[in-house]
Amino acid sequence: MTTSTARIAEVTEGDDSAERQALAGAKRIVVKVGSSSLTSIKGGISEKALTALVHALAEKRNSGTEIILVSSGAIAAGLAPLGLAKRPKDLATQQAAASVGQGLLMARYSQAFAAHGVTVSQVLLTADDLMRRTQHSNAYRALDRLLNLGVVPVVNENDTVATHEIRFGDNDRLAALVAHLVRADALVLLSDVDALYDGPPSLGAKRIPLVTGPADLVDVTIGKAGKAGVGTGGMTTKVEAASIAAGSGIHALVTSTANAAAALAGEDVGTWFAINGNRKPVRLLWLAHLASVRGRLVLDDGAVKAVRDRHTSLLPAGISSVQGDFEPGDPVEMASVEGTVIARGLVNYSAEELPRMLGRSTKELAKDLGRGYDRVVVHVDDLVLVQQARSTKLGE
């Protein structure tokens, strides 16, 4: 038995029933459903699947739990009306399909929830809305007020106007960030797969009922997007999203849409991700998981230890070289001389300014270049460590 297999077996024997009851009694839950769970065999949105999902969510909402639904499906809903047989690959056609499909998707949700006496609203977000302080504050206030009014907000990525976001846009990580934004008690990720397995289910793999941290998933084979061709995520992004939530103090569950009611009741279905970290500023979650890196700072050994082990701010004296083209406030990554990325952060200087500052103390810089150059390069409050370090070249 390998180390990872032994770890999974040990976790499988764990008792997570008490934690799952936290889901049953949660006050505020974010539920994400993927395109593959809502799509019919002929294409477009399946009325049967959507109605069944809404029934489970409405019952939970009517019992007193606040629900936010992060729903994919706009592009899938727009395929049939546009005469498209499968999800388009080019951005312009994706945007067109999303524009047509979003209204159809919301109309179906509105009708289905109305049958249970529940009002829904449409909220379209992009990664940018969760990055900028003013925008994410506005998003929080709007969502919080909708919930206070008894509404079920239906959140989707704003595919019609998104640029690079639409290429990222599986909505799983967006759901994790929304859960953090609204201070949800739990995140439930629904798809057409009932749980995470320790290998291909077709080969007799076993369900993994509990994940206590990243170490439990070492060497576990995780599937990609399904064969239907209407989704973009697959199990990989669901595990990533659940891990983001659990690492920031939010309970998370991955299961199938068919298990939605059982999951919300706290039953033993799917894979439960136990909390293994504390809540973090949403800016740092964005920086760790969504930000487009504009450059790289290569650190000497001393700076690597200071940033990684002592979690200190990055000073000019510890930087060996600068790569990329960035301005003050842009996201950059920090790497060792060998190329291992250890952290991401918001830089205080431009790529043009930094080279003349390398290897020099802040005191020396303030004396030679003037006040303002005694600032750190990346402040510790704007820095997040990369959990799974990787050795790459910038742009790979």
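Guide: Helices and strands here are DSSP runs, with at least four residues for a helix and at least two for a strand, numbered from the N terminus.

Visitor: How many helices and strands are there in the chain?

Guide: The model is a predicted one, and its chain has 396 residues, of which 52% count as buried. Counted along this chain, the elements come to 15 helices and 13 strands.

Visitor: How far apart are the end C-alpha atoms of helix 4, and why does that agree with its number of residues?

Guide: Helix 4 covers residues 47-62, which makes 16 residues. At 1.5 Å a residue these should span 22 Å, so the expected span agrees with the distance between the end C-alpha atoms, which is 22 Å.

Visitor: At what angle do helix 4 and helix 6 pack, and is the arrangement parallel or oblique?

Guide: Helix 6 takes in residues 91-114, and its axis lies 9 Å from that of helix 4, at an angle of about 50°. Because angles under 35 degrees count as roughly parallel and 65 to 115 as roughly perpendicular, this value makes helix 4 oblique to helix 6.

Visitor: Which residues of helix 6 make the contact with helix 4?

Guide: From helix 4 the contact draws on Glu-47, Leu-50, Leu-53, Val-54, Leu-57 and Ala-58, and the buried residues of helix 4 include Leu-50, Leu-53, Val-54, Leu-57 and Ala-58. The residues of this contact divide into 9 nonpolar, no polar and 2 charged. On the side of helix 6, the partners are Leu-105, Arg-108, Tyr-109, Ala-112 and Phe-113.

Methods
Residues are numbered from 1 along each chain as its sequence is written. This is a predicted model: local features need pLDDT of at least 70, side-chain atom pairs count only at pLDDT 80 or more; totals for chains, interfaces and linings use all residues. Side-chain values use heavy atoms; hydrogens and water are left out. The expected span of a helix is 1.5 Å times one less than its number of residues. Buried means under 20% relative accessible area, exposed over 50%, partly exposed in between (1.4 Å probe, protein chains only). Axes are lines fitted to C-alpha atoms, for helices over the stretch in contact, and angles run from 0 to 180 degrees between N-to-C directions. Angles under 35 degrees count as roughly parallel, over 145 as roughly antiparallel, 65 to 115 as roughly perpendicular and the rest as oblique. Contact means heavy atoms within 4.5 Å. Ala, Val, Leu, Ile, Met, Phe, Trp, Tyr, Cys and Pro count as nonpolar, Asp, Glu, Lys and Arg as charged, and the others, Gly among them, as polar.
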